[in-house]
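Q: Hey, could you walk me through this structure? I'm new to this, so plain words please.

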Amino acid sequence: MKLIIAYIRPEKLNDVKQALYAKEIYSLSVTNILGSGRQKGFTETYRGVQMEVNLLKKVRLEIGVNDDFEQKAIDAILTSGQTGSEGDGVIFVSELTKAMRIRTGEDGIL
């Protein structure tokens with residue numbers, strides 16, 4: 001089992017969800033976050049005052065999948081989340097040692 005964590009642009013969320021659904025991956029958690037990466041933010045003027053914005057809005061997806069669905073999920077996120085410009089996001093994949101359903105206590109549910 002794998003845990004896939006992806007940081008994507010907020011405007012690409014619907015595209016990524018649809019791509020995951022097309023690959024039969026329905027279980028995911030979505031969190032709105034602020035962060036900085038290579039983009040390093042930008043400066044803007046608000047009421048005549050220069051402000052530096054270095055924490056940008058992103059969306060964090062957490063997806064637990066069986067090994068069979070790992071590459072399908074990665075491909076779905078890569079193809080649907082890309083705009084071709086800096087700030088498209090990043091994907092992390094880590095080993096998931098255990099998953100249990102709370103209602104039934106069932107083990108290895110992914």
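A: Sure, let's go through the sheet, the helices, the core and a few ring contacts. One thing up front: this is a predicted model.

Q: Okay, sheet first. In what order do the four strands of the open sheet come?
A: The order is 2-5-1-6, and the pairing is antiparallel.

Q: And which ones are the edge strands?
A: Those are strand 2 (29–35) and strand 6, since each pairs on one side only.

Q: How much are neighbouring strands turned against each other?
A: On average by 20°, ignoring direction.

Q: Back to strand 2 for a sec. How many bridges join strand 2 to strand 5?
A: Seven bridges, and the two strands run antiparallel. Strand 5 covers residues 56–65. To pick out one pairing, Asn 32 has Val 59 in strand 5 as its bridge partner.

Q: What does helix 1 touch on the sheet?
A: Helix 1 (residues 13–22) packs on the sheet and touches strand 1, strand 2 and strand 5. Its direction makes about 10° with that of strand 5.

Q: And helix 2, which strands does that touch?
A: Helix 2 (residues 67–81) also packs on the sheet, touching strand 1, strand 5 and strand 6. The angle between the direction of helix 2 and that of strand 1 is about 5°.

Q: Now the inside. Which residues of the largest nonpolar core touch the most other members?
A: That core has 16 residues, and the ones touching the most other members are Ile 4, Ile 8, Leu 20, Leu 61, Ile 63 and Ile 77.

Q: Which elements give two or more residues to this core?
A: Strand 1, helix 1, strand 5 and helix 2 do.

Q: Let's zoom in on Leu 20. What is Leu 20 in contact with?
A: Leaving aside neighbours within four places in sequence, Leu 20 contacts Ile 25, Leu 28, Ile 63, Ala 73, Ala 76 and Ile 77.

Q: New topic: how many aromatic pairs are there?
A: The count is two. One of them is Tyr 7 with Phe 92, an edge-to-face pair with 6.1 Å centre to centre and 85° between the planes.

Q: Which parts does that pair tie together?
A: Tyr 7 is in strand 1 (residues 2–8) and Phe 92 is in strand 6 (residues 89–95), so the pair ties together parts that are 85 residues apart in sequence.

Q: Is Phe 92 buried, exposed or partly exposed?
A: Phe 92 counts as partly exposed, because its relative accessibility is 46%. Tyr 7, at 22%, counts as partly exposed too.

Q: Last one: what lies over the face of Phe 69?
A: That's Lys 72, at 4.7 Å from the ring centre.

Note on methods
Residues are numbered from 1 along each chain as its sequence is written. This is a predicted model: local features need pLDDT of at least 70, side-chain atom pairs count only at pLDDT 80 or more; totals for chains, interfaces and linings use all residues. Side-chain values use heavy atoms; hydrogens and water are left out. Rings of Phe, Tyr and Trp (its six-membered ring) pair if their centres lie within 6.5 Å; planes under 30 degrees apart count as stacked, over 60 as edge-to-face and the rest as tilted. Buried means under 20% relative accessible area, exposed over 50%, partly exposed in between (1.4 Å probe, protein chains only). A charge sits over a ring if NZ of Lys or CZ of Arg is within 6 Å of the ring centre and within 35 degrees of the ring normal. Two strands pair if DSSP finds at least two bridges between them. Axes are lines fitted to C-alpha atoms, for helices over the stretch in contact, and angles run from 0 to 180 degrees between N-to-C directions. Contact means heavy atoms within 4.5 Å. A nonpolar core is a set of buried Ala, Val, Leu, Ile, Met, Phe, Trp, Tyr and Cys residues joined through side-chain atoms within 4.5 Å.
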